[in-house]
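Please open the model in the viewer and keep the sequence panel visible. The tour proceeds by selections, each followed by a short description.

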Amino acid sequence: MILEKQITIRKLIGALALSLLVSVVYAQNPVFTHVFTADPSPHVWPDDDRLWVYTSHDEPGSNNHYGMTGYHAFSTTDMVNWTDHGRILHLENVAWAESHAWAMDAVYYRGNYYLIYCMKEAGIGLFRTGVARSDVPEGPFTDLGYIKGVEFGQDPAIFIDDDGTPYLFWGHDRQCYGAELNDDLMSIKPETYVDLTSQLTHVFEGPWVHKYNGKYYLTYPGLTPRRWPEKMFYAVAEKPLGPYEFKGCFIDDFDGQSGTNHGGTVTYKGKDIMFYHSAWLSGGLSETRCVMADYLKYDQNGDIIPIVPSKEGLGIAKRTKTTLHLEAENGFAAGGELYNVIVDTWIKDYSGKGYVTNFDNPYDHVSILAQVAKPSKYRFKVSYASPDGESNHDVLINSHQYKDFVFPQSEAFREIDFGIVELKAGDNLIRIFKRNWKPSQGQLAIDYVELEQVFEEENQ
Ligand code: FUB
């Protein structure tokens, strides 16, 4: 009897310890744990129930921001399960730029989605504010050029007021500016240009404007004199272009932060949320950052209640989990390659804009880029169709992990689960090749690949 009681007590203690462990393990910050991300730009688009977050990307192992080259898009409907749509724009896709793919914002405007980003102009080395367009929120985005009238255009943020007027804010190195944009988003209205610097105490860079209870809130990372890291401050105005009244700091220094902070706000499912970044994922390495999210609350006067970055984050008590969903047809625009294959649409029910097919000759292939922060395990799936019979192909990950694979005949798109694969830190190329020695009866169509995060405890 005594022994039974002791065993029961031990089991209870064990269960308690496990639940404590689980609550630690399942903390929701950082939000994305598979890839280094920074400068989050959160949005909810019209007629879309998803929350979108656009981010810049830090390379694993980097110790500066100069080598940043591209952007990612993420979406969710429950703030627990996220989709990483992969690379949506890269330096290589922007003819006028040479480096520094730094902070960006996104906007839905008159039927299209735009990425408003900054890069350094080739040959000149000064920041320009670029505009890239897509007809879908997940991109990839096509560069249209840079905005005329914006000098030193680092850290752009776009704000569309209730009457549809687009405003641009930008700034770096202790300066901040704003202006109304013309309808094509490609130039500012010079007569509306304002220097907001003197209104924004401690401003350093990264402005973001949102509206709350009819007032305009400009949030920004700032430095108290000569002192890094950045804290988050805000100011409030009656009109988008000010004048702004400085209100104070709402994210102070916190453990594990990076030198920079940068972020934006969104209202999703009735809750106001602040997205920003830290260095938690890299264990405090300032230049490999990760997106964080906490609820944004106001007091009765409309003042922002300071945020203390929390492990719980959005507090849904589950660890966030991200699946990389990478559309084959995106090709070079998403860091991949379509080698002697085409994008087609006649087989129905594909996802995205089409699928890749016409693997006619040996070595014809599609390559798809998957970027991750650390060596880690993923469940790997490929969506394909092969209506006319089975087709023989090689499936390679970074050239060395591969399977000769016979895709069974399938008239409709279906997923093949290739099991658990290991990705390396950084860029991983998934390639599906036409086999060079065995003929196929069918013609393969590749719709997308998916890589779902697998956490260590799931392997046990
Ligand atoms: O991510 C690169 C730069 O660091 C951004 O443009 C700044 O806002 C800071 O977050």
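The stops below lead from the whole chain to its interior.

This is a predicted model, in which local features need pLDDT of at least 70, side-chain atom pairs count only at pLDDT 80 or more, and totals for chains, interfaces and linings use all residues. Residues are numbered from 1 along each chain as its sequence is written, and side-chain values use heavy atoms, with hydrogens and water left out.

**The whole chain.** Select the protein chain and display it as a cartoon: it holds 1 helix and 31 strands (DSSP runs, H or I of at least four residues for helices and E of at least two for strands, numbered from the N terminus). Its C-alpha trace spans about 75 × 70 × 40 Å along the principal axes. Of the 460 residues, 57% are buried, that is, under 20% relative accessible area with a 1.4 Å probe, protein chains only.

**The largest core.** Next, select Phe-380, Phe-407, Ile-446 and Leu-451, which have the most contacts inside the largest nonpolar core, a set of 28 residues. Such a core consists of buried Ala, Val, Leu, Ile, Met, Phe, Trp, Tyr and Cys residues joined through side-chain atoms within 4.5 Å. Strands that each supply at least two residues of this core include β26 (376–386), β29 (410–423) and β31 (445–453).

**Around Phe-380.** Centre the view on Phe-380; beyond its neighbours within four places in sequence, its contacts (heavy atoms within 4.5 Å) include Val-395, Ile-416, Ile-430 and Leu-451.

**A second core.** Finally, select Leu-91, Ala-97, Ala-101 and Met-104, which are among the 21 residues of another core, apart from the largest one.

Definitions and conventions. Buried < 20%, exposed > 50% of the residue type's maximum accessible area, 1.4 Å probe, protein only.
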